[in-house]
Amino acid sequence: MTSGSWQALTALPRIPLNRLFEADGDRASRLGLDFDGLYFDFSKTHLDEPVLAAFAALADDLALADKRAALLAGEPVNITEGRAAEHCAERGTGNPASVENARALHQRMNSLIGAIDAGALGEISQIIHLGIGGSALGPKMLYQALRLGDEKYELAIVSNIDGSALEPVLERFDAHRTLLVVASKTFTTAETLLNARSVLDWMGEQGVDDPLGQVVALTADPEQAVSFGIDETRILPFSDTVGGRYSIWSSIGFSVALALGAEIFEDLLAGAAAMDSHFETTPWAGNIPVLAAFADQYYAQVRGCETRAVFAYDERLGLLPDYLQQLEMESNGKSATLDGEPLALHSSPIVWGGVGTDAQHAVFQLLHQGSHLVPVEFLAVVEPGDSLDPAHHNGLLLNCFAQGAALMAGKKSDDSHRNYPGDRPSVTILVETLDARSLGSLLAFYEHRTFVNAALLNINPFDQFGVELGKHMANSLSADDGNRLDASTEELKKRAFDV
Ligand code: F6P
């Protein structure tokens, strides 16, 4: 804890959740916020008036409003890499030139979608999208969330360098009807490029005359894609000010837009734009991403929570915890402040989670009785995604609500093994209908919450130098340039490769 405001927060009384509800009959409605078909319930967190006031003071100390303005104006907020972070420009908010550029690139993407739909690349009915990290997690999560099952194209998204991920797709797909989409911001990522070469080899072996003629590249470095052999007309660029984990709004969304329809993608952008405007214009007390970040920082810094769990009570949102892991941990897993000083606070919590109700029968034991305090986030959708007996969906929702209630209420017992301490916090997000618009708003909410957390920590959420060392070492290992690593690693290599 550094500044006086953080100390003021730590010194506040820690009032149990049940007492907060007893003391304030309006608590559920005051801390339950509606936004365009989404409902965010913060009432089962320890946010109360004194905590909120202390965070408002902290936000002022740390110039949150200026930082937000700089982000949304397209100023170079990514100071370690000397550039802006312009994912909001993809949705229409930002530097006018960047907004215009994003619009033109979206148009280019839509034209290519129209041409492929019209048969310009032959009888395409299957898409292999290759990418990793931010170039795969967003498309995968969106496709699982929004597909209805009757789409014109079948989409397979492969990320891992492990051939066991790609091979089953190649066994199933028809090379003559396959479009290969290579998604890589840098177009240098080893996994993606190796997978791309293997798909091209497979196309050649299957008798495709011009495999490269069935390739589309999504990248911020078109020259690299040209050097790979991809024709310029099938390269969909995006700005290098759009970070990988923030890139679903750019041409990285192409495969999903092609598979699900370009209008779906427009709705996604519109949903995100609505959340951008809420974030930009709403005072802290009603600003949903800001309140969520206040709760995050309260648990991380004041209560010492090292993890945060996210449970999607909807199979369609099953990949959201994975998506959030990258968004939050790659953004805010840092140990240096914006001034280059050591961070004296806890950085991003470890984000983990799964799907309810499955997770209840696996990990919830620890949430209810373990010695760790874990803030939990529940996500549920009011309108069912299935047409079976409503008992399924009702049971799903009731389980979700019961878990939040049980974590908070607990149950006292003289038998310590059967005692539930309670007072365990949760946030519940209820989505009225899961569609592209609501998902767009939800993802933009998470992005802004991550940004506010970074602003409160005074760190840069937009670089990711932490992943470079391992990448570099993997490259030097594969190059077999004679560099010897430590004895343990050399032994592992010897056993695996018999060298
Ligand atoms: O290694 C981390 C990372 O750089 C992520 O930030 C990024 O989303 C991913 O790799 C993929 O990078 P690219 O899109 O350049 O292939």
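**View 1. L130 and its partner across two strands.** In this close-up, L130 has V182 of β5 as its bridge partner. The strands involved are β3 (residues 126-130) and β5 (residues 178-183), which run parallel and are joined by five bridges. Strands here are DSSP E runs of at least two residues and helices are H or I runs of at least four, numbered from the N terminus. This is a predicted model, where local features need pLDDT of at least 70 and side-chain atom pairs count only at pLDDT 80 or more, while totals for chains, interfaces and linings use all residues. Residues are numbered from 1 along each chain as its sequence is written, and side-chain values use heavy atoms, with hydrogens and water left out.

**View 2. The whole sheet.** Pull back and you get an open sheet of five strands, ordered β4-β3-β5-β6-β7 with parallel pairing (two strands pair if DSSP finds at least two bridges between them). At the edges sit β4 (154-158) and β7 (235-237), each pairing on one side only. On average, neighbouring strands are turned by 15° against each other, direction ignored.

**View 3. Helices on the sheet.** Helix α8 (residues 163-172) packs on the sheet and touches β3 and β4, contact being heavy atoms within 4.5 Å. The direction of α8 makes about 160° with that of β4; axes are lines fitted to C-alpha atoms, for helices over the stretch in contact, and angles between N-to-C directions run from 0 to 180 degrees. Helix α9 (residues 190-205) lies across β3, β4, β5 and β6 (215-219), at about 165° to β5.

**View 4. S43 in its loop.** Look for S43 in the loop between β2 (38-41) and α4 (49-61). Leaving out residues up to four places away in sequence, S43 touches L17, F21, R27, A28 and L31. S43 counts as buried because its relative accessible area is 2%, and buried means under 20% (1.4 Å probe, protein chains only).

Terms used: Buried < 20%, exposed > 50% of the residue type's maximum accessible area, 1.4 Å probe, protein only.
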